[in-house]
Amino acid sequence: MQMPETVLFVALAYLIGSVPFAFLFAKRKGYRDLRLVGSGNVGATNAFRVAGSGAGLLTVLFDIAKGATAVVAAQRLGAGQSLSAVAGVAAVAGHIYPVWLGFRGGKGVAATCGAFAVLAPVATALAAAVFGIVAGLTRTISLGSMTAAVCLGPVAYAVGAPVQVVRAAFFAGCLVLFNHRSNLSRLVGGVERQAEGQDAKSGDRS
């Protein structure tokens with residue numbers, strides 16, 4: 001595949017991933033800028049806390065869908081395994097660094113789930129199970145997210161996903177983990193809030 005086509009695929013995936021659904025759904029609920037309320041994070045957790053469960057649930061579903069759509073679009077347009085995997089990472093990067101919001105978006109968990117549900121469905125299901133178990137036991141969404149991010153690449157390798165997908169899974173996991181560094185600091189300091197009782201003024205940015 002020629003370089004212009006490669007750039008086109010990556011750019012398309014990035015733009016799909018960069019659609020800020022949390023921002024849009026919160027705005028429909030009357031919040032003009034989700035970056036200025038709650039944790040300031042343009043992601044599902046802040047949408048839940050600030051705009052309610054309806055906006056939060058829609059954000060999760062649409063963020064998963066945009067990650068999956070970016071990969072499926074690349075595949076349907078003739079991208080091979082390597083470029084489809086790159087498209088998945090580009091969608092995650094678009095979610096985290098959206099051009100529309102000054103490159104300040106969410107943390108990439110749902111978008112990663114959607115992209116790799118297409119690229120590596122078994123590994124994604126297992127990583128999602130890890131998220132559910134850790135988040136459920138600790139009532140800490142950020143810890144579940146970080147654990148799942150760390151697990152995605154190794155699990156993809158263990159279940160025999162293509163090498164290009166494994167590499168992309170490691171890279172996407174690192175992106176998610178990097179963007180949870182403030183949560184990690186609070187966890188180490190013992191001040192990270194649990195899911196129960198959190199509100200829009202919480203300092204958590206999951």
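Which residues of helix 2 (residues 21-28) are buried? The close-up views below, all taken from a predicted model, begin with that helix.

**View 1. The buried residues of helix 2 and the helices they pack against.** In the predicted model, the buried residues of helix 2 (residues 21-28) are Phe 21, Ala 22, Phe 23, Phe 25 and Ala 26. These buried residues pack against two helices, namely helix 3 (44-51) and helix 4. Just after helix 2 comes Gly 30, whose phi takes a positive value of about 105°.

**View 2. A nonpolar surface patch to which helix 4 gives the largest share.** Phe 48, Leu 57, Leu 58, Leu 61 and Phe 62 together make a nonpolar patch of about 440 Å² on the surface. Helix 4 (residues 53-76) contributes 4 residues to the patch, which is the largest share. Leu 58, one of the patch residues, is found in helix 4 and has a relative accessible area of 37%, so that Leu 58 is classed as partly exposed, the class that lies between buried, under 20%, and exposed, over 50%.

**View 3. The packing of helix 5 and helix 6.** Two packed helices are described by the angle between their axes and by the distance between the axes. For helix 5 (residues 81-96) and helix 6 (residues 109-119), the axes come within 9 Å and cross at roughly 170°, and helix 5 is therefore roughly antiparallel to helix 6. On the helix 5 side, the contact is made by Gln 81, Ser 84, Ala 85, Gly 88, Val 92 and His 95, while Ala 111, Thr 112, Ala 115 and Leu 119 make the contact from helix 6.

**View 4. Phe 103, with a positive phi, in the loop between helix 5 and helix 6.** Most residues other than glycine have a negative phi. Phe 103, by contrast, has a positive phi, near 65°, and is found in the loop that lies between helix 5 and helix 6. With a relative accessible area of 49%, the side chain-bearing residue Phe 103 is partly exposed, since the exposed class begins over 50%.

**View 5. Arg 139, with a positive phi, in the loop between helix 7 and helix 8.** Arg 139 is a residue other than glycine whose phi is positive, near 55°. Arg 139 lies in the loop between helix 7 (121-138) and helix 8 (141-158), and at 36% relative accessibility this arginine counts as partly exposed.

How values were computed. Residues are numbered from 1 along each chain as its sequence is written. This is a predicted model: local features need pLDDT of at least 70, side-chain atom pairs count only at pLDDT 80 or more; totals for chains, interfaces and linings use all residues. Side-chain values use heavy atoms; hydrogens and water are left out. Patches are made of residues with over 30% relative accessible area and no salt bridge: like charges are joined within 9 Å, nonpolar side chains (Val, Leu, Ile, Met, Phe, Trp, Tyr) within 5 Å. Accessible areas come from the Shrake-Rupley method with a 1.4 Å probe; for residues, only the protein chains shown count as cover. A salt bridge is a side-chain nitrogen of Lys or Arg within 4 Å of a carboxyl oxygen of Asp or Glu. Buried means under 20% relative accessible area, exposed over 50%, partly exposed in between (1.4 Å probe, protein chains only). Axes are lines fitted to C-alpha atoms, for helices over the stretch in contact, and angles run from 0 to 180 degrees between N-to-C directions. Angles under 35 degrees count as roughly parallel, over 145 as roughly antiparallel, 65 to 115 as roughly perpendicular and the rest as oblique. Contact means heavy atoms within 4.5 Å.
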